[in-house]
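The following exercises introduce a structure to a reader who has not met it before. Each task is followed by a solution in steps.

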Amino acid sequence: MVLKLYGWPKSTCTQRVGMALIEKGVPFEFVMVDLFKGESKTPEYLQKQPFGQVPYIDDDGFTLYESRAIARYIAEKYAAKGTPNLLPIADVRARARFEQAASVEVADFDAFAGRAVFEMVFKPMMGGKSDEAVFQDLITSLSAKLDVYDKILAKQKYMAGNVSLLPLPLPSHPSSSYSTRNKRKLTKRPQEITLADLFHLPYGVLLSTAGSDIMQAKPNVKRWFDDLQSRPSWQAVKDGVKSTV
Amino acid sequence: MVLKLYAAPQSTASLRVAQVLHEKNVPFEFIPIDLRAKEQKQAQHTEKNPFGQVPYIDDDGFVLYESRAIGRYIALKYAGQGTAGLIPDQSDIKALALFEQAASSEFANFEVHAAKIAYEKLFKVRLGFPTNEEVVKGAIDQLNVKLDVYEGILGKQAYLAGSELTLADLYHIPFGTRLYRAGLGDLIDSRPNVAKWFNSLLARPSWVTIKDGITSTA
């Protein structure tokens, strides 16, 4: 049974999952949950997503919510398909560097960018009034965090850094005096994109709609973010998530 | 070389890491960072944690920051000792996914609001700044909604990811205790399933050992 993604087409969290599915080449059916008609708060919906939020997935009867958890599940289940190593699990240190970057995304980026976008973009949609001072405060805080991002991204292409150690077996030498155990040489692959980078896209892109060009203001952040935005997976969901089957 | 934890004795994020070190029986040297003197903003510290925060670890030359990332690293590196299953094994994709769902929820549905309360009612007060009561009220309203959902979840299963304790449960403790310090313990106590779950977490030796401040174990 094809995977079903329940969400709102332009919901940031729904886009986050849509991107992961497309990066991994996983076909899915998009099922619209009409937020403005309260469809995410019905008793039936709350059985699947008890916090009454979008998105959630139904993968052949297995339901899961929290967009980052869903993306991780997809990256793990389809590790052998599509963009490789989006969730670097092979090595304890690589995985730790990924988790560090993933935590930074939530605590140092989303915490400010999400609220800034909410203040200027979503609040008015819900009948509220934007507070420019709150927005500016959040952008100031975000800018300080992005100064650190800029230092990190001056030294590495993506936020998790070196996350893959590719073991290369040495050619076997029958006449070798070494033991018959393979001696393996570890070499680093080029730095790879991970979910920790991709997770920044939905709110990052909306910052300019909200009235801030902060993602363009720092050279390495700009380079990194422009690169993320150019990915086909983002291009496919930026105007709204759609079924791929 | 013994693991070094650079942290503040009562910082919520520092406590989060110290608890996992105790759960996994990993000896560590605690190196206190003086937050009042803004030691975490000095070059020697920001070279290791560029965000100028505590904690970070140095595990035989491997430096890592972000308390939840550090906790995960310790749980995985020492999977074979101490409390088992703090992160489900990657061979069980569904169990791991349900763990990630709970871990994501911990930050998005709990910490986001609990941290605002701790900041307004504890941190700011300590520094002599006025509490923004509107922010506090907003955070309390949100926590009431979220903890009602927790009450439902914990009525059907013992822990947030399922029947077993995971990091997703433990990570709630530091800010959960700050709710009590802020006089808002009733948010937890008024909900029987949440209260039972939270009190069981507080009773764990790993928390009892560190709750009044972190100290070296090596």
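**Exercise 1. The annotated domain**

What percentage of residues 1-82 of chain A is helix, what percentage is strand, and how far apart are the end C-alpha atoms?

*Solution.* The model is a predicted one. The stretch is taken from the UniProt record, where an unreviewed entry places the feature "domain: GST N-terminal" at residues 1-82 of chain A. Over these residues the chain is 35% helix and 22% strand. The end C-alpha atoms are 20 Å apart. For chain B, the UniProt record (unreviewed entry) likewise places "domain: GST N-terminal" at residues 1-82. There the chain is 33% helix and 22% strand, with the end C-alpha atoms 20 Å apart.

**Exercise 2. A tilted aromatic pair**

Classify the pair formed by F62(A) and Y73(A), and state where each residue lies and whether it is buried or exposed.

*Solution.* A pair of aromatic rings is described by the distance of the centres and the angle of the planes. The structure holds 17 aromatic pairs over all chains. In the pair of F62(A) and Y73(A), the centres are 5.2 Å apart and the planes make an angle of 55 degrees. Stacked pairs have planes under 30 degrees apart and edge-to-face pairs over 60, so the rest, this pair included, count as tilted. The pair links distant parts of the chain, 11 residues apart: F62(A) belongs to strand β4 (residues 62-65) of chain A, and Y73(A) to helix α3 (residues 67-77) of chain A. Buried means under 20% relative accessible area. F62(A), at 10%, is therefore buried, and Y73(A), at 4%, is buried as well.

**Exercise 3. A stacked aromatic pair**

Carry out the classification for Y180(B) and F198(B), and name the cluster that includes them.

*Solution.* The ring centres of Y180(B) and F198(B) are 6.1 Å apart, with 15 degrees between the planes, and the pair is stacked. The two residues are 18 apart and link distant parts of the chain: Y180(B) is in helix α7 (residues 173-181) of chain B, F198(B) in helix α9 (residues 192-202) of chain B. With a relative accessible area of 29%, Y180(B) is partly exposed, whereas F198(B), at 1%, is buried. Ring pairs join Y180(B) and F198(B) with F51(A), Y65(A), Y150(B) and W197(B) in a cluster.

**Exercise 4. Charges over rings**

Identify the ring beneath the charged end of R16(B) and the ring whose face R68(A) lies over.

*Solution.* The charged end of R16(B) sits over the ring of Y171(B), 5.7 Å from its centre. In chain A, R68(A) lies over the face of F199(A), 5.8 Å from the ring centre.

**Exercise 5. Two packed helices**

Describe how helix α4 (residues 92-125) of chain A crosses helix α7 (residues 201-210) of chain A.

*Solution.* Two packed helices are described by the angle between their axes and the distance between the axes. The axes of α4(A) and α7(A) come within 9 Å and cross at roughly 40 degrees. That angle makes α4(A) and α7(A) oblique to each other. The crossing of α4(A) past α7(A) is left-handed.

**Exercise 6. Buried residues in chain B**

How many of the 11 residues of helix α3 (residues 67-77) of chain B are buried?

*Solution.* Nine of the 11 residues are buried, and the helix is mostly covered. Among them are R68(B), R72(B) and Y73(B). Strand β2 (residues 28-32) of chain B contains F28(B), which is buried at 0% relative accessibility.

Terms used: Residues numbered from 1 in each chain as written. Chains lettered and ligands numbered in written order. Predicted model: local features only at pLDDT ≥ 70, side-chain atom pairs only at ≥ 80, totals over all residues. Heavy atoms only, no water. UniProt positions renumbered as here; feature names shortened; annotations may be inferred. Helix = DSSP H or I, 4+ residues; strand = E, 2+ residues; numbered from the N terminus. Phe/Tyr/Trp six-rings, centres within 6.5 Å; stacked < 30°, edge-to-face > 60°. Buried < 20%, exposed > 50% of the residue type's maximum accessible area, 1.4 Å probe, protein only. Lys NZ or Arg CZ within 6 Å of the ring centre and 35° of its normal. Axes fitted to C-alpha atoms, helices over the stretch in contact; angles between N-to-C directions. Parallel < 35°, antiparallel > 145°, perpendicular 65-115°, else oblique. Left-handed = near helix turned anticlockwise from the far one by under 90°.
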